[in-house]
Amino acid sequence: MKALVWHGKEDIRCDSVTDPEIQDSRDAIVKITSCAICGSDLHLFHNFIPAMMPGDIVGHEMMGEVVEVGRGVNGKLRVGERVVVPFTIFCGECEQCRRGNYSVCETTNRNKAMADKVFGHATAGLFGYTHLTGGYPGGQAQYLRVPYADTTHIKVPDSLSDEQALFLGDILPTGWQAAVQCDIQPTDTVAIWGCGPVGQMAIRSAVLLGARQVVAIDCLPERLSMARAGGAITIDFEEESVVERLNELTGGKGPDKCIDAIGMESHVGLSQPDTIYDRAKQMMMLESDRPHVLREMIYVCRPAGVISIPGVYSGLVDKIPMGVAMNKGLTFRMGQTHVNRWTDDLVRRIEEGQIDPSFVITHTARLEDGPEMYNVFRDKRDSCVKVVLKP
Amino acid sequence: MTYLANMSRNEGDPRILSTGPSSLGSQDRMARGLGWFSLGLGLAELLAPHSITRALGMEGREDLVRAYGAREIAAGVMSLSVDRELGLWSRVAGDGLDVATLMGAMREDNPKRGNAAAALALVLGVTLLDAATAASLRGKTRRSGRPRDYGNRSGYPKGLSASRGAARDLVKPDDMRAAPAVTPPPSRPEPAHPRPM
């Protein structure tokens with residue numbers, strides 16, 4: 001089969017690889033019909049996430065048709081069914097899964113010993129990601145082996161197109177969880193840093209959940225226009241001070257809830273001088289992440305507010321004003337998304353017409369064009385916001 | 001490389017049969033080559049400045065060569081990073097300093113004038129390569145044309161106004177609630193929401 005394979009920093013290739021096979025009775029094989037390039041794939045592309053190995057198949061946003069199931073799936077999934085595959089692999093049986101904390105499932109990380117050493121305690125297995133999360137082959141491919149397939153799937157109603165359903169596997173529930181964990185009240189101002197795909201989903205989630213006002217922060221005109229269409233007031237951080245504008249919009253009190261939809265790769269520019277310092281340290285391998293957004297959120301958030309972090313961080317950050325966070329009594333909520341905790345509800349909301357996530361797709365291409373589409377997405381060429389690949 | 005990549009696969013996981021075109025272009029590979037060259041030259045200048053000044057007839061200028069070595073290493077690290085275009089332009093600027101310094105060694109009374117001339121030719125050649133590669137990278141990564149207007153992509157099939165608060169029926173999980181207010185807050189006036197584009 002064809003698959004997009006990581007060969008090193010900025011080196012993704014469309015390779016011919018052997019077909020996946022059932023390895024365990026709870027496995028299924030899915031023929032991929034649509035997959036997407038995620039912002040966190042760019043962290044792998046830039047080699048900022050440790051423990052990637054040449055030969056790893058990338059991709060963790062994918063859907064398709066079940067073509068084979070193991071005996072242990074026990075009828076919970078049948079050949080021919082259409083499914084979205086969530087990026088978090090979960091067993092559904094361990095203590096964390098029973099609590100709904102699927103992204104920290106205690107069972108599915110097959111490199112548990114290594115992850116225990118690095119993280120203290122292992123988290124769930126993830127598709128197409130680092131070997132610290134199991135090193136499972138990803139879904140930017142023609143076929144995918146889905147471990148724990150009896151639980152790790154989202155069935156897609158016939159009424160939904162691939163484009164409407166695909167993002168149930170990651171960016172929609174990620175934006176949704178980011179907003180839900182803010183516990184949005186009708187009086188709240190929610191500020192969202194980053195108008196990429198997750199930021200766009202977070203904007204719409206905050207609007208649906210009834211925030212008083214949603215403020216979106218970015219510097220790319222096309223992304224800001226998409227944010228405004230979703231109901232956000234926008235701030236172009238290249239043009240105006242984020243802190244001053246947010247204070248102006250909140251009567252000097254600061255936003256009640258702040259969402260970081262950027263993560264470890266903040267935009268580097270003279271308007272944000274600390275990012276130049278971070279970038280220099282990152283080059284010298286003295287810091288793994290550029291946490292400008294985190295610093296700004298802690299500074300501008302209203303005391304006793306909530307900081308929600310769906311953006312990916314990989315390791316060590318520097319100069320975090322922890323004293324400010326402590327004295328302001330901020331609540332931090334973060335983590336990889338517990339995808340299936342939200343998806344039954346989100347499928348209903350898509351079917352009812354509350355949201356149609358396909359609005360975010362700006363580019364569709366063949367799987368073979370995937371390597372070049374990584375460059376297009378990374379460089380934001382042709383106003384690219386979201387790429388969908390068709391194997 | 002493919003053999004090594006396949007060796008590290010978990011049993012049963014897909015293995016590479018043949019590789020296809022890469023996302024890395026020829027200019028990216030050239031930038032990497034120049035970055036490694038910069039690191040090598042920088043290390044040589046830092047560790048063996050006496051050999052370099054002797055070969056060029058520039059004895060007594062070892063501290064300057066060491067400083068240039070540090071500059072080369074910084075430019076090399078940048079050229080190997082995702083900001084390689086910046087790294088290459090910093091190399092071009094550094095090449096200018098090298099040319100100016102070598103011009104000083106072209107004086108008539110320098111017995112190593114021939115070596116200095118060869119070094120000058122080499123630096124001029126590398127400068128052209130640096131500038132050409134940096135320019136090609138700029139062309140590759142630059143955002144061109146007018147940004148598109150996505151003002152019609154609300155994502156709400158029923159419209160923005162009907163969607164505000166439409167999901168207030170969500171039963172929020174207890175573990176994701178903020179601390180409740182001790183007394184109910186006074187309601188604030190509704191803001192003027194921006195109109196959808």
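In which sense do strand S2 of chain A and S1(B) pair, and over how many bridges? Strand S2 (residues 11-17) of chain A and S1(B) run antiparallel, paired over 2 bridges. One residue pair shows the match: A:Ser16 stands opposite B:Ser18 in S1(B). The model discussed here is predicted.

**The sheet shared by the chains**

This pairing belongs to an open sheet of 4 strands. The order is S4(A)-S1(A)-S2(A)-S1(B), and the pairing is antiparallel. Which strands stand at the edges? They are strand S4 (56-57) of chain A and S1 of chain B. Each has a single partner strand, so one side of each is left without a neighbour in the sheet. At the chain A edge, strand S1 (residues 2-8) of chain A is joined to S4(A) by 2 bridges. There, A:Trp6 stands opposite A:Asp56 in S4(A).

In a regular strand, side chains alternate between the two faces of the sheet.

**The interface**

The contact between the chains involves 66 residues of chain B and 88 residues of chain A. Together, chain B and chain A bury about 6600 Å² between them. Of that area, 50% lies on carbon and sulfur atoms.

Polar links cross the interface too. Chain B and chain A have 43 residue pairs in polar contact, counting residues at pLDDT 80 or more. Several elements of chain B supply at least two residues each to the side that touches chain A: strand S1 (16-18), helix H4 (62-80), helix H6 (113-141) and helix H7 (160-163). By class, that side of chain B has 27 nonpolar, 17 polar and 22 charged residues.

**Salt bridges**

Side chains of opposite charge can pair when their charged atoms come close. How many salt bridges are there over all chains? The count comes to 46. Across the interface of chain B and chain A, the rule finds 10. One example joins the two chains: B:Arg177 pairs with A:Asp183, with the closest N and O atoms 4.0 Å apart.

Another salt bridge lies within chain A. A:Lys155 pairs with A:Glu81, and their closest N and O atoms are 3.3 Å apart. This pair links distant parts of the chain, 74 residues apart. A:Lys155 sits in strand S10 (residues 154-155) of chain A, while A:Glu81 is in the loop between S5 and S6 of chain A.

**Other strand pairs in chain A**

The table lists further pairings.

| Strands | Sense | Bridges |
|---|---|---|
| S3 (residues 28-37) and S5 (residues 61-69) of chain A | antiparallel | 8 bridges |
| S5(A) and S6 (residues 82-85) of chain A | antiparallel | 4 bridges |
| S15 (residues 306-309) and S16 (residues 331-334) of chain A | parallel | 4 bridges |

Strand S5(A) appears in two of these rows. On S5(A), A:Glu68 stands opposite A:Ile29. A:Met62 has A:Val85 in S6(A) as its bridge partner.

The S15(A) and S16(A) pair is parallel. Here A:Ile309 stands opposite A:Met334 in S16(A). How does the chain get from S15(A) to S16(A)? The path goes through helix H11 (residues 322-328) of chain A. This β-α-β crossover is right-handed.

Key
Residues numbered from 1 in each chain as written. Chains lettered and ligands numbered in written order. Predicted model: local features only at pLDDT ≥ 70, side-chain atom pairs only at ≥ 80, totals over all residues. Heavy atoms only, no water. Pairing = 2+ DSSP bridges. Right-handed = clockwise from strand over helix to strand, strands pointing away. Contact = heavy atoms within 4.5 Å. Buried area = accessible area lost by both parts, 1.4 Å probe. Salt bridge = Lys/Arg side-chain N within 4 Å of Asp/Glu carboxyl O. Polar contact = N/O pair within 3.5 Å; in protein donor to acceptor, adjacent residues only side chain to side chain. Nonpolar A, V, L, I, M, F, W, Y, C, P; charged D, E, K, R; others polar.
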